[in-house]
Amino acid sequence: MIKIENLSKSFGTVEAVKDVSFVVNDGEILGFLGPNGAGKTTTIRTITSYLAPTKGNVYINDLNVNDNPDEIRKQIGYLAEHNPLYDEMVVYDFLEFVANIRQIPAVDFKARLKDVTELCGLKKVIYRPIKELSKGFRQRVGLAQAIIHDPKILILDEPTTGLDPNQIVEIRGLIKALGKEKTVIISSHILQEIQATADRTIIINNGEIVADGTVEELMSSFKGHTMLELELKNANKEDIHNLTSINEDIKIDSVLENKNNIISKLEYPNNIDPREEIFNYALGKNWKILEMTRHKVSLEDIFRTLTVEGGENND
Ligand SMILES: Nc1ncnc2c1ncn2[C@@H]1O[C@H](COP(=O)(O)OP(=O)(O)OP(=O)(O)O)[C@@H](O)[C@H]1O
Ligand SMILES: [Mg+2]
């Protein structure tokens, strides 16, 4: 079990992670979702013992990560963001090199190599230099080095970034297969990524956790809501927030400026229909409504609501 308790991490004046707490149960695949700069990598680097927390604690099976970095690194397989590899090395040599660092006895190496080569589909490139590999195969090598010591926990920071759609499907399949026998944390800024692989999702934004649950749970917490997308001319960003004065149940999810127009997404429960009042309000303000579209709340909307700048959690 991974337990993160009131974790905060600052870099100078930047508070990258703020009082984050969550638990990852054994055997779970946890999706760690958040936009660029949300604090995913920082959280992951404290879990993997490469960064010390400013405040709070991380425990792996009751062992405090900060006090036991060597032991923790034995228990964790880690694929870092951007997958650093030694380009000049042949895949075989690289995996042997990692196995040595991991202190895998020479007698066990062959068996481990066979396992990871089969699992990660590396057989046909095993004697190729890493620099000649496609991104998809590089990522497989990254996964292979992460599991060479057969860790119970696997932590993957944006494992499919930069891959083409076919490679993404392959790597996702591989992660799902590994997830059958391991506890996995997979970070991403792409919702579909997490939807396709994770049992549970945690959404982080501005260093804070803004959602934690299964996709169904996240959806049901927003069920019974309508999204209204408005495109307005002559409006200003600040004024849009006054639309909430029409009805207290209206929430402004996002306000974006596009050239001279404002595009805003509102959300309200299905038992009200404030469209007429919004029209009249716009008329009174001399805004020109270029578009007003209604739709059901999607998972994409939920992610945007929770993370987009100008969303309710950023006010
Ligand atoms: N070593 C560092 N020194 C200073 N600031 C840092 C450092 N590492 C991260 N930060 C800052 O902390 C915040 C969180 O960064 P982090 O890399 O954890 O985000 P992320 O969610 O992984 O983003 P991305 O999706 O871009 O990888 C950002 O504002 C970032 O600039
Ligand atoms: Mg990152």
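Which residues coordinate the magnesium ion (ligand 2)? In this predicted model, the ion is held by Thr41 through OG1 and by Glu81 through OE, at 1.9 to 2.4 Å. Thr41 belongs to helix α1 (residues 40-47), while Glu81 sits in the loop between β6 (76-79) and α3 (91-101), so the two ligating residues tie together parts that are 40 residues apart in sequence. Glu81 counts as partly exposed because its relative accessibility is 29%, a value between the 20% limit for buried and the 50% limit for exposed.

Let's step back to the overall layout. The chain is divided into two stretches: domain 1 covers 2-219, and domain 2 covers 224-296. Their C-alpha centres are 41 Å apart. Thr41 and Glu81, the residues that coordinate the magnesium ion, fall within the bounds of domain 1 (2-219).

Now for the spaces inside. How many cavities of 30 Å³ or more does a search of the whole structure find? There are 2, and the table sets them side by side.

| Cavity | Volume | Lining by class | Residues given by α11 |
|---|---|---|---|
| Largest | about 50 Å³ | 9 nonpolar, 1 polar, no charged | 3 residues |
| Second largest | about 30 Å³ | 2 nonpolar, 2 polar, 4 charged | 3 residues |

The largest cavity is lined by Leu33, Leu191, Ile194, Thr201, Ile203, Val215, Leu218, Leu299, Ile302 and Phe303. Four elements give two or more residues each to this lining: α7 (191-197), β9 (200-205), α8 (215-221) and α11 (299-307). Of these, α11 gives the most. Thr201 is the polar member of the lining, because Thr is not among the residue types counted as nonpolar or charged.

What lines the second largest cavity? Here the residues are Met227, Asp253, Ser254, Lys265, Asp301, Arg304, Thr305 and Val308. At least two of them come from β12 (251-258), and at least two from α11. Once again, α11 supplies the largest share. The charged residues of this lining are Asp253, Lys265, Asp301 and Arg304, because Asp, Lys and Arg are among the types that count as charged.

Helix α11 is a good place to finish your tour of the model. Leu299, Ile302 and Phe303 line the largest cavity, whereas Asp301, Arg304 and Thr305 line the second largest. The helix spans 299-307, and it is the leading contributor to the lining of the largest cavity as well as to that of the second largest.

Terms used: Residues are numbered from 1 along each chain as its sequence is written. Chains are lettered from A and ligands numbered from 1 in the order in which they are written. This is a predicted model: local features need pLDDT of at least 70, side-chain atom pairs count only at pLDDT 80 or more; totals for chains, interfaces and linings use all residues. Side-chain values use heavy atoms; hydrogens and water are left out. Domain bounds come from an automatic or database domain assignment. Donors are N, O and S atoms within 2.8 Å of the metal (3.2 Å for Na, K and Ca); water is not among the atoms, so sites may look incomplete. Buried means under 20% relative accessible area, exposed over 50%, partly exposed in between (1.4 Å probe, protein chains only). On a 1 Å grid over the protein atoms alone, a cavity is a set of points where a 1.4 Å probe fits but cannot get out, and a pocket is an open set with protein on both sides within 12 Å along at least five of seven lines; lining residues have an atom within 4 Å of a point. Grid points are joined across faces, edges and corners, and a volume is the space filled by probe spheres set on the points.
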